[in-house]
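Reader: Could you take me through the surroundings of the ligand in this structure, and then its cysteines?

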Amino acid sequence: MTDVLRLYIDGAWTEPVEGRTADIVNPATGETTGQLALGNEADVDRAVEAAKRAFVSYSQLSVAERVELLEAIAAEYERRLDDMAAAVTADVGTPLFLARLSAEAAAGSVRELAEILGKYPFEERRGDYTVRKEPIGVCGLIPPWNYPALQMTEKVVPALAAGCTTVLKPAEIAPYSAQVFAEILHAAGVPQGAFNMVVGKGSVAGSALTKHPDVDMISFTGSTAVGIQVQKDAADTVKRVTQELGGKSAHIILPDADIETAVSMAVQGVISNSGQTCTAPTRTLIPSSRKDELVGAIAAAVQAVVVGDPLTQVFMGPVASERQWHTVQRYIQAGIDEGATLVAGGPGQPEGVKSGWFARPTVFADVTNDMTIAREEIFGPVMSLITYDTVDEAVDIANDSPYGLTAYVTGSDPEQVRDVAARVRAGQVLLNRVQPDLTAPFGGYKQSGNGRIWGVAGLEENLEVKAVVG
Ligand code: NAD
């Protein structure tokens with residue numbers, strides 16, 4: 001991997017206005033692999049101008065033409081899956097197999113969206129009026145870094161599908177994936193100016209995009225703290241802001257749950273991608289009647305997780321950056337200091353690791369829901385086991401959180417599982433599984449965000465509603 005020194009504006013690769021750069025660091029080795037251009041306000045201005053100009057003609061493409069474009073993007077994506085997977089691994093240390101799966105999911109979501117787009121009713125007559133769904137305009141798109149292939153795709157492609165033009169400000173620690181993504185869109189023939197990309201710092205390029213008067217909508221995914229700032233910055237120009245923010249999801253293991261399903265969901269959900277998953281069920285709620293059995297089985301499964309070089313056959317690689325590693329360490333120490341019982345992992349690096357930002361997959365038992373590790377999003381491989389006595393209490397604990405992104409329920413009685421799902425305040429509830437369905441609406445209750453993405457919901461986020469009366 002090398003440098004990422006150019007921006008993609010108005011259908012061409014271009015130098016940034018200023019020559020400022022930052023290091024690109026491989027988290028698996030700690031080594032600098034290249035330099036990243038830091039686009040600034042003037043670059044954002046150029047990109048927004050291009051998108052605004054392009055909107056005039058791009059928004060007039062027929063649905064059939066946009067379906068054709070999405071199909072071309074999907075085909076190009078499928079051709080570049082290996083490149084995208086390698087880029088994701090180099091950027092953030094995701095094990096190669098998982099990086100490949102997420103790239104495949106991203107490409108698959110483009111195909112699914114092409115199908116949805118072809119059938120979507122953009123115009124509907126109701127009595128004496130017609131309701132038209134029209135593209136909102138220029139969309140500013142700000143994703144995070146944890147699943148970069150998927151997150152850039154789920155923002156840019158629905159906007160293009162809706163007839164909007166776009167400016168992407170990718171996460172600064174995932175520049176290689178951003179480069180491959182822009183190459184895919186360019187090769188697929190996205191019309192000049194409909195897609196633009198300014199790499200750079202969130203506080204500079206991201207903020208300039210959010211405040212820009214010619215941007216009609218901001219779609220932001222990231223931490224709740226930055227999401228609040230984005231919402232404030234967008235307020236002066238009354239933009240639509242959709243937000244996919246943090247989470248502290250609960251996994252309710254019901255008293256009759258199958259142990260293998262429960263343990264595998266807990267490990268897959270929390271430890272996969274080094275715990276850097278917004279939907280990770282980091283609060284695992286276990287019935288007191290089965291406490292010893294579940295604590296033992298989950299601790300053993302987490303101790304058996306193979307951690308190492310993400311280019312080899314491992315389940316878990318490093319966390320994405322030095323900063324992330326120190327954050328995870330602080331939270332592990334907080335768990336110890338506040339009296340939780342460490343049953344797997346702990347502070348420091350896994351045995352034998354000499355370089356790179358590797359954390360230890362960690363499980364705490366005897367966590368209470370008021371402890372720091374139960375309240376705050378860690379974004380690392382740290383699981384909190386919280387014991388409950390009754391199912392009502394489990395639901396109360398699940399709901400006692402400022403977040404409400406996802407919840408998980410494991411149990412053998414379908415009626416009880418569905419009843420619990422109905423009582424949990426979260427945007428998506430997964431029953432006896434951790435794999436999401438990328439066509440189901442996705443987004444958060446409470447401080448986990450506003451709006452919904454994926455499938456029809458993702459398309460509609462980018463549409464305005466016009467009533468034509470008479
Ligand atoms: P972050 O909030 O630090 O950054 C997210 C993006 O915002 C990055 O592209 C960053 O450059 C940009 N940014 C930073 N400051 C900005 C500003 N002032 N104005 C505009 N943009 C700015 O988050 P992160 O560390 O990249 O990602 C981790 C967080 O994302 C976690 O909290 C996680 O839960 C959340 N997340 C949520 C979802 C979801 O769908 N709800 C999905 C993935 C990640």
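**The ligand and the cysteines**

Author: Among the 28 residues around the ligand (each with a heavy atom within 4 Å of it), those that come nearest are Lys-169, Glu-172, Ser-223, Leu-245 and Glu-377. This is a predicted model, in which local features need pLDDT of at least 70 and side-chain atom pairs count only at pLDDT 80 or more, while totals for chains, interfaces and linings use all residues. Residues are numbered from 1 along each chain as its sequence is written, and side-chain values use heavy atoms, leaving out hydrogens and water.

Reader: How far is an oxygen atom of the ligand from an N or O atom in the side chain of Glu-377?

Author: A polar contact is a pair of N or O atoms within 3.5 Å; within protein, one must be able to donate a hydrogen and the other to accept it, and residues adjacent in sequence count only if both atoms are side-chain atoms. A polar side-chain atom of Glu-172 lies 2.5 Å from a ligand oxygen, and for the side chain of Glu-377 the distance to an oxygen atom of the ligand is 2.4 Å.

Reader: How many disulfides does a search of the whole structure find?

Author: A disulfide is a covalent bond between the sulfur atoms of two cysteines, counted here when the two sulfur atoms are within 2.5 Å. The sulfur of Cys-139 has its closest cysteine sulfur in Cys-164, at 3.8 Å, which is too far for a bond. The search of the whole structure therefore fits with this pair being unbonded, and the number of disulfides it finds is 0.
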